[in-house]
Amino acid sequence: MKKVFLLIATTILNSSILILDSHAGGMMSNTNQNAAFIRNPARDGAIGIDGVYSNPAGVALMPEGWHMSLNWQLAWQRRIVDTQNPVFMRDANNGGKDSKHYRGIATAPFLPSVQLAYNWKKFSFQASGAVSGGGGKCTFDSGLGSFDAAIGRVWVGMLSPVANNLNNLFSAYGLHAKAPVSTGYSSNGFMEGKQYYFGGTIGAAYKIVDKENIKVSGYAGVRFLYGMAGYKAEITDIKVQTTDGAQPLATYINNISNSIYQAGVEAAMVGNQQALQAVTKAGQDLSEQSGQLAKYYNGVYLQSDQNGFGVCPIIGLDVKYQWVNFAFKYEFRTKMNMTNSSTVKEAGLFSAVNQFVDGTSVREDTPALLTLGLELEPLKGLRFDVGYHHFYDRQARKTYFDANGNRHDDKNQMLSHGTNEWLAGVEYDFGKDKRWTVSGGIQTTNYGNTDEYMSDISFVTNSWSFGTGVKYKINDKMAVNVGYFQTNYRDYNQAADYRDAAGSNNKFTRRNRVFAAGLDIDF
């Protein structure tokens, strides 16, 4: 029974790995670090102050002097999981159905970013700050399917058979005591996760070739990444459904104990020593087991905070030939060890207990990223953009614990491939002095998801996105960007959840929207 009920606590901790990402990028990276991206995501080959993130080498081709961009984004998201599990049929709150619907609400009301560059002769000195990953809070008011399945498996594995086994024992010895028979279970779940990866980048670009028809510049920089995450989860109001009505877990165990006591008294009174020995042994077993259950009588509350720090180099190249501009950028893998400050003080028998043991650390690397961009301007003021992103997810280390409690840092090897993104966009300048720019773009994202990798704990599905918006030049020194970006996720149908022996399967999807505004200043 100790192992069975540790599963409750383990499931909560495991579910707390939930990652909130308010981004338009890979599994651990936000690529939407400027309002210009929101109105046109295909900015990898464009030249502008937002290039401090998307095309840092190209920033060197901007005019001499100071350039700055201040940005704010608002993101909101829904995460939807439909879980099917046979144990749900015994959930008193589920009407006999074997499936449940879970919805998580994620909000990131304030995602700021700043890009700064000083161009001097052939040099461009650059710095930026942004939320490079995560960025908000996600709440599942009714928990997750893995929560409910854990309680269900406890009922199937112990609470359902215990009374039947005792009643068979009593009957075999002709005793009249009766243990309360359980017909099902019920509980309430809740989980909340928040995660922020704050990135600060410094670097410099240099114009290697600076001729009228062709310009070539290179970039080298470094990003400092600080990760901060907090998770809390609860399972409350755990009740056992019986033929006499719903009973709190403590009450049910106490009633089971009373039935054993009554059987023992009867056996002693009739002088049946064999029956008395059998009943006494049953009482000893229950006493040992109930000692392990006592800390769950009032439910389970677990909380964990994580912090980590990492550094990664960045290199880039930009080549501009007449009205064609090509750009390349490569961000190296960021090694991240996230250290726990947790209510879990010692390792348990199941996976995620070890994941969150106080004072220990786990790997949560940010994968390397390759971006390629091309911008064409066949007519003055009309630009076409295309881009490609590849996240080397499989090479990034991520910790998980197997069913035997053994640590592994290669969870991402369960992916079939790294993330691939294709982007395209168009921009057009119009109006008096070309002060207005209208733009739009699309992005497709394909992850290497597999059934083994996916779970309701943390998931993302293939998607396509579009962004649109405008830029307005207030004067020669200031411009405003406003944009809207929406991601439409496809369903992912998981044939089997390999972490659930009861035969669970899931359908995952998400919905994401972002609004952004920014101010670009030259001085």
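**Exercise 1. Is Phe 466 buried, partly exposed or exposed?**

Work this out on the predicted model, then describe the surroundings of Phe 466.

Solution.
- Step 1: place the residue. Phe 466 belongs to strand β17, which covers residues 463–473.
- Step 2: apply the cut-offs. Buried means under 20% relative accessible area, and exposed means over 50%. Phe 466 has 27% relative accessibility, so Phe 466 counts as partly exposed.
- Step 3: list the contacts. Leaving out residues up to four places away in sequence, Phe 466 touches Gly 441, Ile 442, Tyr 484, Phe 485, Gln 486 and Asn 488.
- Step 4: compare sequence and space. Phe 466 and Pro 41 are 425 residues apart along the chain, and 7.8 Å separates their C-alpha atoms.

**Exercise 2. Check the span of helix α4 against its number of residues, and find where the helix bends.**

Solution.
- Step 1: count the residues. Helix α4 runs over residues 145–172, which is 28 residues.
- Step 2: work out the expected span. The rule is 1.5 Å times one less than the number of residues, and for α4 this gives 40 Å.
- Step 3: compare with the model. The end C-alpha atoms of α4 are 39 Å apart, which agrees with the expected span.
- Step 4: locate the bend. At Trp 155, α4 bends by about 45°.
- Step 5: look past the end. Gly 174, just after α4, has a positive phi of about 70°.

**Exercise 3. Describe the backbone and the exposure of Gln 322 and Lys 434.**

Solution.
- Step 1: recall the background. Most residues other than glycine have a negative phi.
- Step 2: read the angles. Gln 322 is not a glycine, yet its phi is positive, at about 50°. Lys 434, also not a glycine, has a positive phi of about 55°.
- Step 3: place both residues. Gln 322 sits in the loop that joins β7 (300–321) and β8 (324–331). Lys 434 sits in the loop between β15 (419–430) and β16 (436–446).
- Step 4: classify the exposure. With a relative accessible area of 40%, Gln 322 is partly exposed. Lys 434 is partly exposed at 37% relative accessibility.

**Exercise 4. Describe Ser 290 and Lys 239 by element, exposure and contacts.**

Solution.
- Step 1: place them. Ser 290 is part of helix α6, residues 273–293, and Lys 239 is part of strand β5, residues 214–242.
- Step 2: classify the exposure. Ser 290 has 18% relative accessibility and therefore counts as buried. Lys 239 has a relative accessible area of 27% and is partly exposed.
- Step 3: list the contacts, setting aside residues up to four places away in sequence. Ser 290 touches Ile 253 and Tyr 297. Lys 239 is in contact with Tyr 185, Ser 186, Ala 246, Gln 247, Pro 248 and Leu 249.
- Step 4: read the C-alpha distances. Ser 290 and Ala 250 are 40 residues apart in sequence and 8.8 Å apart in space. Lys 239 and Ala 130 are 109 residues apart along the chain, with 46 Å between them.

**Exercise 5. Summarise the whole chain: its elements, extent, burial, contacts and charges.**

Solution.
- Step 1: count the elements. The chain has seven helices and 20 strands.
- Step 2: give the extent. The C-alpha trace spans about 110 × 40 × 35 Å along its principal axes.
- Step 3: give burial and surface. Of the 523 residues, 55% are buried. The accessible surface is about 21,700 Å², and carbon and sulfur atoms hold 56% of this surface.
- Step 4: sort the contacts. Of those between residues at least 6 apart in sequence, 73% join residues at least 24 apart.
- Step 5: place the charges. There are 49 positive and 45 negative charges, and their mean positions lie 4 Å apart.

Key. Residues numbered from 1 in each chain as written. Predicted model: local features only at pLDDT ≥ 70, side-chain atom pairs only at ≥ 80, totals over all residues. Heavy atoms only, no water. Helix = DSSP H or I, 4+ residues; strand = E, 2+ residues; numbered from the N terminus. Buried < 20%, exposed > 50% of the residue type's maximum accessible area, 1.4 Å probe, protein only. Contact = heavy atoms within 4.5 Å. Areas by Shrake-Rupley, 256 points an atom, 1.4 Å probe, with all protein chains shown as cover. Lys, Arg positive; Asp, Glu negative; His and termini not counted. Charge placed at Lys NZ, Arg CZ, Asp CG, Glu CD. Bend = angle between axes of the 7 residues up to and from the residue.
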